[in-house]
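Please open the model in your viewer and keep the selection tool at hand. The tour moves from one selection to the next and says what is there at each stop.

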Amino acid sequence: MALLDIKGLKTHFTTDAGILQAVDGVDISINRGETLCVVGESGCGKTVTAMSILKLIAMPPGKIVAGEIMFEGRDLVPLTSHELDDIRAKEIGFIFQEPMTSLNPVLTIGEQIAESLRRHEAVTKKQALERTVDMLKLVQIPNAAGRVHHYPHQFSGGMRQRVMIAMALACRPKLVIADEPTTALDVTIQAQILDLLQDMKERFGMAVMLITHAMGVVAETAQRVVVMYAGKVVEEAPVDELFGNPRHPYTQGLIRSIPRIDLDAAHKTRLEAIGGSVPILINPTPGCRFAPRCKYAMSICTEREPRLREIAPGHRMACHLGDAS
Amino acid sequence: MSQYVLRRLMIAIPSLLGISLVLFIVLALAPGDPFGELATNPNVPPEVQAALRAKFGLDDPIYLRYLHWLAAMAQGDWGFSFVSRMNVDTLILQRLPTTLYVIGSAQLLALAIAIPVGVYAATRPYSIFDQIANTFAFIGFSLPTFFTGILFILIFSVKLDWLPFVYSTDIKATGIPWVLEMIRQAIMPVMVLGLFQAASMTRFVRSAMLDVIRLDYVTTARAKGLGQAKVIVKHVMRNAMIPVVTLIALQMPAVFGGAIVTEQIFRIPGIGSLLISSILANDTPVVMAVTFVFACLVVLFNLIADVLYGWLDPRISFR
């Protein structure tokens with residue numbers, strides 16, 4: 001049984017212009033101890049999918065209108081925010097994108113990590129502090145015993161993201177959702193943070209759902225990849241399969257847009273970009289949502305929505321290309 | 001920290017000097033002086049008048065008079081009230097506790113209403129509670145205190161006869177009855193001033209809360225499973241209170257100004273009504289002293305705001 005199994009999730013937002021279908025029928029499953037990458041451009045519903053799991057989206061205007069989110073065999077969708085509090089941080093940890101704004105500026109980092117421990121585990125103030133210092137050592141913050149009493153503004157971006165990781169892992173969750181944890185960081189720091197995340201995963205044996213729009217990050221960390229476009233899953237495959245044999249035109253476009261440094265000058269070509277941008281998901285047009293940007297678009301693409309289907313073991317995609325018809 | 005406060009107090013000296021100079025010049029330019037009454041008194045011969053004026057230095061040039069006043073103030077001599085026939089400092093010390101009692105209670109009432117209502121409204125924006133709170137806040141700060149004061153007197157004193165509308169300092173009672181009477185007579189002025197303050201404060205608390213509630217670190221706190229109450233109090237309120245504290249401290253001058261009006265309506269023998277009666281009676285030393293006390297209070301509350309600010313926000317250090 002998968003650790004987390006999302007089936008047909010639909011999260012919609014009520015806006016002045018109409019219903020925004022940010023996530024529209026997403027299926028994602030994560031096994032124990034596995035790293036799953038969710039990729040796609042900005043605005044394709046990755047973050048909303050992740051936030052829906054723990055109901056961290058603003059409700060209203062957001063609302064989970066359909067689907068189920070099975071975590072260890074228990075559906076999280078009908079739970080109230082209050083009931084989810086026992087699962088948040090304890091079972092599922094969350095690492096956010098912006099380390100600069102995701103920490104409370106007026107509380108020490110120690111207090112912010114310890115409050116999670118004290119909420120979920122029967123520990124005294126002193127034990128919580130000790131465990132917090134241990135966590136800070138694990139995420140390689142120098143002089144952890146002294147730094148625990150410092151405020152977020154006394155840390156650099158990379159250090160803050162380490163603090164965020166310590167916070168998310170403090171209660172040893174079974175699943176960690178990392179929402180673009182390296183996007184706001186320098187390239188050198190990005191690699192350090194990804195290494196750290198990998199280390200932690202191996203040490204604690206947790207599953208990681210890594211949301212990113214950087215294909216390089218995917219290739220380095222993932223075992224399985226889910227490609228999302230415009231609120232839907234368009235392709236899903238083990239990482240080698242996805243990079244070796246991408247089937248959906250959108251996935252192919254994403255892979256072609258990665259700069260190649262391994263090619264010599266003679267073979268270098270202009271980096272290929274996918275023209276256009278993610279559609280605004282209010283009253284989406286029928287058919288495939290990628291069709292307006294797809295160079296292989298056929299007449300059927302604007303008429304009928306392609307279903308996600310298995311084309312090889314563990315490899316699923318939603319495109320009319322290569323359909324039996 | 002204490003060094004910071006000391007330095008701030010030192011900085012306050014030049015500004016207080018500046019304020020006193022401006023006050024002094026304005027009062028000197030204003031028509032009338034403490035001997036205006038003598039001039040119209042037929043029993044005082046003109047040469048006695050002139051001698052008195054010369055003795056008290058009223059015919060000296062303005063800068064000399066200011067320096068005299070300053071030298072006397074520096075030695076703790078606040079001057080003499082010709083109208084009340086007593087020293088100005090005794091007079092002010094007599095009146096100040098009443099004003100502080102009324103204003104202080106009104107501010108406490110305002111905070112006791114504004115913080116819970118503002119916080120609760122912000123957690124449920126556009127709910128029925130929020131809309132009712134907003135409506136009352138709007139009515140509250142649209143109605144001036146001189147109107148609500150008289151309305152309260154009409155309802156609670158004249159029609160219902162529940163509360164006295166003249167504030168008395170010599171209550172003929174001791175012990176518990178005295179305390180009860182002190183509370184009873186302060187109810188209306190405190191309500192009028194407090195509700196007026198609460199109205200604008202509520203709106204400010206609400207918008208400060210709404211600014212913070214959608215920030216990333218609040219989502220982080222939610223993701224820790226802390227629960228709504230703890231997230232709101234520990235993470236949102238703690239941050240939202242920083243601008244609120246500043247606003248309240250900076251509003252204090254306006255509060256004292258509002259108190260002058262309220263004191264007039266309810267005949268409270270506070271420092272505000274002392275100022276009005278002194279102006280009307282040309283009692284310059286008292287006017288000068290009272291306005292100077294107001295200036296000191298404003299400077300003091302600014303300092304308190306800065307110290308609280310640094311205490312609430314660790315990003316600000318006292319250097």
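## A covered helix in chain A

Begin by selecting α6(A), a helix that is mostly covered, with 11 of its 13 residues counted as buried. Bear in mind throughout that this is a predicted model. The helix runs over residues 157-169 of chain A, and at 1.5 Å a residue its 13 residues should span 18 Å, which agrees with the 18 Å that separates its end C-alpha atoms.

Now colour the buried residues of this helix, which are M159(A), R160(A), Q161(A), R162(A), V163(A), M164(A), I165(A), A166(A), M167(A), A168(A) and L169(A). With these still highlighted, add their surroundings to the selection: the buried residues of α6(A) pack against the strands β6 (92-95) and β7 (175-179) of chain A, and also against the helices α3 (109-120), α4 (125-138) and α7 (187-204) of that chain.

## Widening the view to chain A

Next select residues 6-255 of chain A, where UniProt, in an unreviewed entry, places the feature "domain: ABC transporter". Over this stretch the chain is 37% helix and 27% strand, and the C-alpha atoms at its two ends are 26 Å apart.

Then show the whole of chain A, which has 10 helices and 12 strands. Its radius of gyration is 21 Å, close to the 20 Å that the globule rule gives for 325 residues, so chain A is as compact as a globular protein of that length. If you turn the C-alpha trace along its principal axes, chain A spans about 65 × 55 × 40 Å. Of its 325 residues, 47% count as buried, and among the contacts in chain A with a separation of 6 or more, 65% come from residues 24 or more positions apart.

## Two domains in chain B

Finally, hide chain A and turn to chain B, for which the domain assignment gives domain 1 (2-88) and domain 2 (95-312). Give each domain of chain B its own colour; their C-alpha centres lie 33 Å apart.

What meets where the two domains touch? In chain B, 21 residues of domain 1 are in contact with 17 residues of domain 2. On the domain 1 side of this contact, α1 (2-29) and β1 (80-81) of chain B each supply at least two residues, and the largest share, 10 residues, comes from α1(B). Colouring that side of domain 1 of chain B by residue type divides its residues into 13 nonpolar, 6 polar and 2 charged.

Conventions
Residues are numbered from 1 along each chain as its sequence is written. Chains are lettered from A and ligands numbered from 1 in the order in which they are written. This is a predicted model: local features need pLDDT of at least 70, side-chain atom pairs count only at pLDDT 80 or more; totals for chains, interfaces and linings use all residues. UniProt positions are given in the numbering used here, feature names are shortened, and annotations may be inferred rather than shown by experiment. Helices (H or I, at least four residues) and strands (E, at least two) are DSSP runs, numbered from the N terminus. The expected span of a helix is 1.5 Å times one less than its number of residues. A residue is buried if 20 or more other C-beta atoms lie within 10 Å of its own, exposed if 12 or fewer, and partly exposed in between; C-beta atoms are placed from the backbone. Two residues are in contact if their C-beta atoms, placed from the backbone, lie within 7 Å. The radius of gyration is taken over C-alpha atoms; the globule rule is 2.2 Å times the number of residues to the power 0.38. Domain bounds come from an automatic or database domain assignment. Ala, Val, Leu, Ile, Met, Phe, Trp, Tyr, Cys and Pro count as nonpolar, Asp, Glu, Lys and Arg as charged, and the others, Gly among them, as polar.
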